Amino acid sequence: MDRLLELGPEFWAAAGETLYMVALTMLFGGAGGFLLGIGLYATRRGGLLPNSVVNNVLNVVINFFRPIPFIIFIAAVQPLTRAVIGVGIGTDAAIFALSLAAAFAIGRIVEQNLLTVRPGVIEAARSMGAGPLRILGTVVVPEALGPLILGYTFIVIAVIDMSAMAGLIGGGGLGYFAQLYGFRQFEPVVTWAAVLLIVVFVQVVQYVGNWLARRVLRR
């Protein structure tokens, strides 16, 4: 316990780094994944903007990258990371890798949730003269908003989990803190302090996500 008290500043700095990585990952990866999901949904056969070529390309890309374990994904995208942001290690590099991984997962979740919208609702909008983009923005997404919130909640928790591996490329965060000051120095109290704070983050995210989804579904 004394060692944990000594490491107090580093502990809270690591917590801040974790929140920073998760927030930016969800900003970039969340937006990219949403666009991927919209593309998958709209271009599928019988969709609002059917296009088999675009749909097949999106499916192949997502199905190729999504199953790769994140610890391998970090190493695999390092050349791309260096080309885009100039460095292959550090917090920014970790955010880039996290954003890519999150986008592919979110794309599939968004598509699956949009498919739950009843066809009759879409046909009613079409009969009133609404175009594909208007239907997407004013009918499909609002109708699927509750499930989308739960899907994004799941991804936020997954990103918190993945951020713990960002320490492998010097990304910092609670995972790196637990590995450096807990595991390597044989300080189980330090390790468990990091674990418990990660659990707290997850519980808060799940609670807020469930609360928002309930509010939307009761409209």
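Leaving aside its neighbours within four places in sequence, with which residues is N55 in contact? In the predicted model, these partners are G39, L40, T43 and R44. N55 itself belongs to helix α3, which spans residues 52–65. Its relative accessibility is 10%, and because buried means under 20% relative accessible area, N55 counts as buried. One polar contact can be specified at the atomic level: a polar atom of the N55 side chain lies 3.0 Å from the backbone oxygen of L40. L40 is thus both a contact partner of N55 and the residue that supplies the backbone oxygen for this pair.

The setting of this residue is a helical chain. The chain contains 11 helices and 0 strands, and its order along the sequence reads α-α-α-α-α-α-α-α-α-α-α. Along the principal axes, the C-alpha atoms fill a box of roughly 70 × 40 × 25 Å. Of the 219 residues in the chain, 44% are buried. When contacts between residues at least 6 apart in sequence are considered, 75% of them join residues at least 24 apart.

In soluble globular proteins, nonpolar side chains tend to be buried together. The largest nonpolar core of the chain comprises 60 residues, and those with the most contacts inside it are F70, L114, I135, V140 and L174. Helix α6 gives the most to this core, contributing 13 residues.

Two of the residues with the most contacts inside the core, I135 and V140, are also among the buried residues of helix α8. This helix covers residues 132–143, and its buried residues are I135, L136, V139, V140 and V141. The elements that cover these buried positions include α2 (8–43), α6 (91–114), α7 (119–127) and α9 (145–163). For I135, leaving aside its neighbours within four places in sequence, the contacts are L48, I122, A125, R126, A130 and V140.

The packing of α7 against α8 can be described in further detail. Two packed helices are described by the angle between their axes and the distance between the axes. The axes of α7 and α8 come within 11 Å and cross at roughly 160°. Because angles over 145 degrees count as roughly antiparallel, α7 is roughly antiparallel to α8. The crossing in which α7 passes α8 is right-handed. On the α7 side the contact is made by V121, I122, A125 and R126, and on the α8 side by I135, V139, V140 and E143. Of these α7 residues, I122, A125 and R126 are in contact with I135.

Notes. Residues numbered from 1 in each chain as written. Predicted model: local features only at pLDDT ≥ 70, side-chain atom pairs only at ≥ 80, totals over all residues. Heavy atoms only, no water. Buried < 20%, exposed > 50% of the residue type's maximum accessible area, 1.4 Å probe, protein only. Helix = DSSP H or I, 4+ residues; strand = E, 2+ residues; numbered from the N terminus. Contact = heavy atoms within 4.5 Å. Polar contact = N/O pair within 3.5 Å; in protein donor to acceptor, adjacent residues only side chain to side chain. Core = buried A, V, L, I, M, F, W, Y, C linked by side-chain atoms within 4.5 Å. Axes fitted to C-alpha atoms, helices over the stretch in contact; angles between N-to-C directions. Parallel < 35°, antiparallel > 145°, perpendicular 65-115°, else oblique. Left-handed = near helix turned anticlockwise from the far one by under 90°.
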